[in-house]
Amino acid sequence: MSLPHNPFKRAIADGKQQFGLWAALADAYVTELLATAGFDWLLIDNEHAPNDVRSTLAQLQAVAAYPSHPVVRPVRSDSALIKQLLDIGAQTLLLPMIDTAAQAADAVAATRYPPHGMRGVGSALARASRWNCVPDYLNRASEELCVLVQVETMQGMQNLPEIAAVDGIDGVFFGPSDLSASMGLLGQPGDASVREAIRHGIDTVREAGKAAGVLAPDPGIAADYLAAGATFVAVGTDTGLLSRAAADLAASYKNSAAAGATIAAVRGGY
């Protein structure tokens with residue numbers, strides 16, 4: 001049995017744009033449905049969505065048969081959480097709230113076995129190694145792991161050149177919502193100054209030879225970041241898509257019914 005391939009890692013290394021969708025509904029059936037839509041990657045969110053290790057495992061299993069690559073975001077960059085997510089088979093991690101190069105280096109170390117890191121050795125129990133059916137998994141695992149760090153504060157932006165230069169970091173992802181809050185613009189992720197900061201950040205990451213990513217559900221803003229050189233962009237969220245579609249459908253019928261009632265009332269007045 002061979003080590004599972006990570007096409008997302010190769011794609012961003014080659015500079016191929018990858019379009020993703022946030023999967024925050026925390027349900028394997030929903031995430032499998034999303035995997036049929038054609039996105040290059042899906043973000044299984046443990047930071048702000050009600051996921052845990054078991055629900056994440058179910059989603060990894062659900063999408064395994066599809067081309068969409070699962071990216072997993074833990075609630076924080078913690079070596080114990082990273083170990084669990086890697087053991088259940090996550091190959092690409094998005095690690096939030098990275099503010100310094102030291103934190104970025106610790107994140108990489110958490111994904112590597114000793115002597116190159118601190119990942120605990122338990123491959124006999126792990127889906128990642130197919131329960132030790134993958135030959136030489138311990139020595140080869142890092143070949144297919146992709147480490148993305150999320151920079152989303154002013155401190156992180158100030159330290160961005162050093163963060164992006166850390167060996168083992170495959171990409172840097174910008175979080176507009178937290179960054180805007182850090183800049184004193186809470187709830188304004190599309191503000192011009194936030195967008196300028198992210199565009200400058202994309203340049204810095206690309207200069208370091210790494211891939212830059214960002215969340216941009218607004219098509220115009222997404223186009224702006226893509227033009228600036230972003231490689232992997234999340235262009236929507238499942239919660240947003242469902243909420244908007246449901247509201248639009250309800251409104252279309254309610255508006256039609258209201259218009260019909262008005263017409264009937266007018267006609268009844270004659």
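**Exercise 1. Find which residues Phe-174 is in contact with, leaving aside its neighbours within four places in sequence, and place Phe-174 in its core.**

Step 1. Contact means heavy atoms within 4.5 Å. With that cut-off, and without neighbours within four places in sequence, Phe-174 touches Val-151, Met-157, Leu-160, Ile-198, Gly-201, Ile-202, Val-205, Ala-212, Gly-213, Val-214 and Leu-215.

Step 2. The model is predicted: local features need pLDDT of at least 70, side-chain atom pairs count only at pLDDT 80 or more, and totals for chains, interfaces and linings use all residues. Residues are numbered from 1 along each chain as its sequence is written, and side-chain values use heavy atoms, with hydrogens and water left out.

Step 3. A nonpolar core is a set of buried Ala, Val, Leu, Ile, Met, Phe, Trp, Tyr and Cys residues joined through side-chain atoms within 4.5 Å. Buried means under 20% relative accessible area, exposed over 50%, partly exposed in between (1.4 Å probe, protein chains only). The largest such core has 45 residues, and Phe-174 is among those with the most contacts inside it, together with Leu-93, Ile-169, Val-172, Ile-198, Ile-202 and Tyr-225.

Step 4. Another core, of 15 residues, lies apart from it; Trp-22, Ala-24, Trp-41 and Ala-211 are among its members.

**Exercise 2. Determine which way the side chains of E6 point and which strands pair with E6.**

Step 1. Helices (H or I, at least four residues) and strands (E, at least two) are DSSP runs, numbered from the N terminus. In a regular strand the side chains alternate between the two faces of the sheet.

Step 2. In E6, Gly-171 and Phe-173 point one way, while Val-172 and Phe-174 point the other way; all are buried.

Step 3. Two strands pair if DSSP finds at least two bridges between them. E6 (residues 171–174) runs parallel to E7 (residues 211–215), with four bridges joining them. Within this pairing, Phe-174 stands opposite Val-214, and Gly-171 has Ala-211 as its bridge partner.

Step 4. E5 and E6 are also parallel and share four bridges. Here Gln-150 is bridged to Phe-173.

Step 5. The eight strands close into a barrel in the order E1-E2-E3-E4-E5-E6-E7-E8, with parallel pairing. From one strand to the next, the twist averages 25°.

**Exercise 3. Describe the surroundings of Glu-152 and state whether Glu-152 is buried or exposed.**

Step 1. Glu-152 sits in the loop between strand E5 (146–151) and helix H7 (154–158).

Step 2. Glu-152 counts as buried because its relative accessibility is 1%.

Step 3. Without neighbours within four places in sequence, the contacts of Glu-152 are Pro-96, Met-97, Gly-175, Asp-178, Leu-179 and Ser-182. A polar atom of the Glu-152 side chain lies 2.8 Å from the backbone nitrogen of Met-97.

Step 4. Pro-176 is 24 residues from Glu-152 along the chain, and their C-alpha atoms are separated by 6.8 Å.

**Exercise 4. Characterise the aromatic pair formed by Trp-41 and Phe-232.**

Step 1. Rings of Phe, Tyr and Trp (its six-membered ring) pair if their centres lie within 6.5 Å; planes under 30 degrees apart count as stacked, over 60 as edge-to-face and the rest as tilted. The whole structure holds six aromatic pairs.

Step 2. Trp-41 and Phe-232 are edge-to-face, at 6.1 Å centre to centre and 70° between the planes. Trp-41 lies in strand E2 (residues 41–45) and Phe-232 in strand E8 (residues 232–237), 191 residues apart.

Step 3. Both residues are buried. They belong to one aromatic cluster with Phe-8, Trp-22 and Phe-173.

**Exercise 5. List the buried residues of H11 and say what they pack against.**

Step 1. In H11 (residues 219–228), the buried residues are Ile-221, Ala-222, Asp-224, Tyr-225, Leu-226 and Ala-228.

Step 2. These residues pack against strand E1 (18–23), helix H10 (192–207), E7 and E8.

Step 3. At the start of H11, a side-chain oxygen of Asp-218 comes within 2.9 Å of the backbone nitrogen of Gly-220. Just after H11, Gly-229 has a positive phi of about 115°.

How values were computed
Polar contact = N/O pair within 3.5 Å; in protein donor to acceptor, adjacent residues only side chain to side chain. Axes fitted to C-alpha atoms, helices over the stretch in contact; angles between N-to-C directions.
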